[in-house]
Amino acid sequence: MSTLLVKHADLLVTMDAGRRTIPDGGLFVREDAIEQAGPTAELPESASQVIDARGMILLPGLVNTHHHLYQTLTRCVAQDSVLFDWLVTLYPIWARLTPEAVYVSAKAGLAELMLTGCTTSSDHLYIYPNGARIDDEIRAAVELGIRFHATRGSMSLGRSQGGLPPDSVVEDEAFILRDSRRAIEQHHRAERFGMVRVALAPCSPFSVTADLMRESAGLARAYGVRLHTHLAETLDEERFCLEKFGARPVDYVESLGWTGPDVWHAHCVHLNTAEIALFARSGSGVAHCPSSNMRLASGIAPVRAMRDAGVKVGLGVDGSASNDGNQMLGEARQAMLLQRVGGNPAALGAREALEIATLGGASVLGRDDIGALAPGMAADFIGYRLARLEFAGALHDPLAALVFCTPPYVDLSVINGQVRVRDGEIVGLDLPALIRRHDQISRAMIRGA
């Protein structure tokens, strides 16, 4: 049975119930689980593998709760557009996706996420042209060894039926439900420490029918999997829902059974006080995507109000065509800074931002086995060397340095007890070759070749 000892970290940040920060700390791992977390002097003296973490800060791996990995292929497109115009520009490009494009973009995006501290990522894949399947991105995640929540997204309401996407990129609803069932049965791992989980994720109120929302909710609950969608992202969406359904977005999805502890929504920028209270009362989660919301001029999500009301909030980097990056630690920094724009410099602090990025994300994804470093938790943790230019002058508070200073790449990442990033490089990945193929596919898609 393999064991791993990580010792002599300058600071161990546990995010456990006591929110301990332990100088000269470390971890003892057996197989895929943490057995001990505490001062190095209290840990076993030997293990199958030993890592000397001197000069590092260690913390739980970051959890990404909303993403569109395929969009890594279309960065910096529609640079000055709001969401609806941005989508209309990009739909025809995304219609050129292939199974290889989905696989390669997922691998590139997940690699970047891993290098920025992410150990668990969700992804919302809702467009499946030219034979692409959710299996293509799951294969990439399994090869990289990242913990992965694949959401089988869908679009069924084409432009001819009053939706936003062109008819060429929507799917038949009966097929969507059949393939959703197949994806759950083939890939979902419900057991503790399960590396791949599947959720169902009709894309948005303006791209699917009410019937598909209801049927997807019923199917998900029959299988015990979670539900995910975009919600209340923009004022355009709010107007669309009022005109088409006679209800605000939250009221509309609530009428379809889309609130509850098994549901999480992306964005939720435009929530009122009653809607925040509903989310808190029902246990519904929110994936906060600050960079995307700023890039598309969607607004500022009321994260402080949500947290104060008891709403579960995690972080999402969102699609790399509405954020143009996969920087998970950077997203924690953006979340902290954006909540301060309203005039309160204490609206969100570094420690709370990291809590949202770890425990918050775990809660949103319905997991009690990740997000903290404590006995019985999954061995998912990351380490940053402190002697770096970005942190110069900030080492009196290394935890704050992670969020206030320029976000660096990780030096160490362990996922499910396996070292996946060592000395700042992903183990076993030919990253230059991956980038070359990714850029070839991207150029061909954008040029229409």
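Biologist: Is Cys118 buried or exposed?
Modeller: Cys118 is buried, with a relative accessible area of 0%. Buried means under 20% relative accessible area, exposed means over 50%, and partly exposed is in between (1.4 Å probe, protein chains only). This is a predicted model, where local features need pLDDT of at least 70 and side-chain atom pairs count only at pLDDT 80 or more, while totals for chains, interfaces and linings use all residues. Residues are numbered from 1 along each chain as its sequence is written, and side-chain values use heavy atoms, without hydrogens and water.

Biologist: Why is there no bond from Cys118 to Cys289?
Modeller: Because the sulfur of Cys289, the closest cysteine sulfur, is 13 Å away, too far for a bond. A disulfide needs a pair of cysteine sulfur atoms within 2.5 Å.

Biologist: And how far is the nearest cysteine sulfur from Cys268?
Modeller: It is 9.3 Å away, in Cys289, and Cys268 is in no disulfide. Cys268 is buried too, at 0% relative accessible area. The structure holds zero disulfides.

Biologist: New topic. Which residues touch the most others in the largest nonpolar core?
Modeller: Among them are Trp86, Trp94, Phe279 and Met306, in a core of 124 residues. Helix H2, a DSSP run (H or I, at least four residues) numbered from the N terminus, spans residues 99-115 and gives the most to this core, eleven residues. A nonpolar core joins buried Ala, Val, Leu, Ile, Met, Phe, Trp, Tyr and Cys residues through side-chain atoms within 4.5 Å.

Biologist: What does Phe279 touch?
Modeller: Leaving out residues up to four places away in sequence, its contacts (heavy atoms within 4.5 Å) include Leu231, Val250, His265, Cys268 and Val311.

Biologist: Which residues are in the second core?
Modeller: That separate core has 19 residues, including Ile22, Ala37, Ala53 and Leu412.

Note on methods: Helix = DSSP H or I, 4+ residues; strand = E, 2+ residues; numbered from the N terminus.
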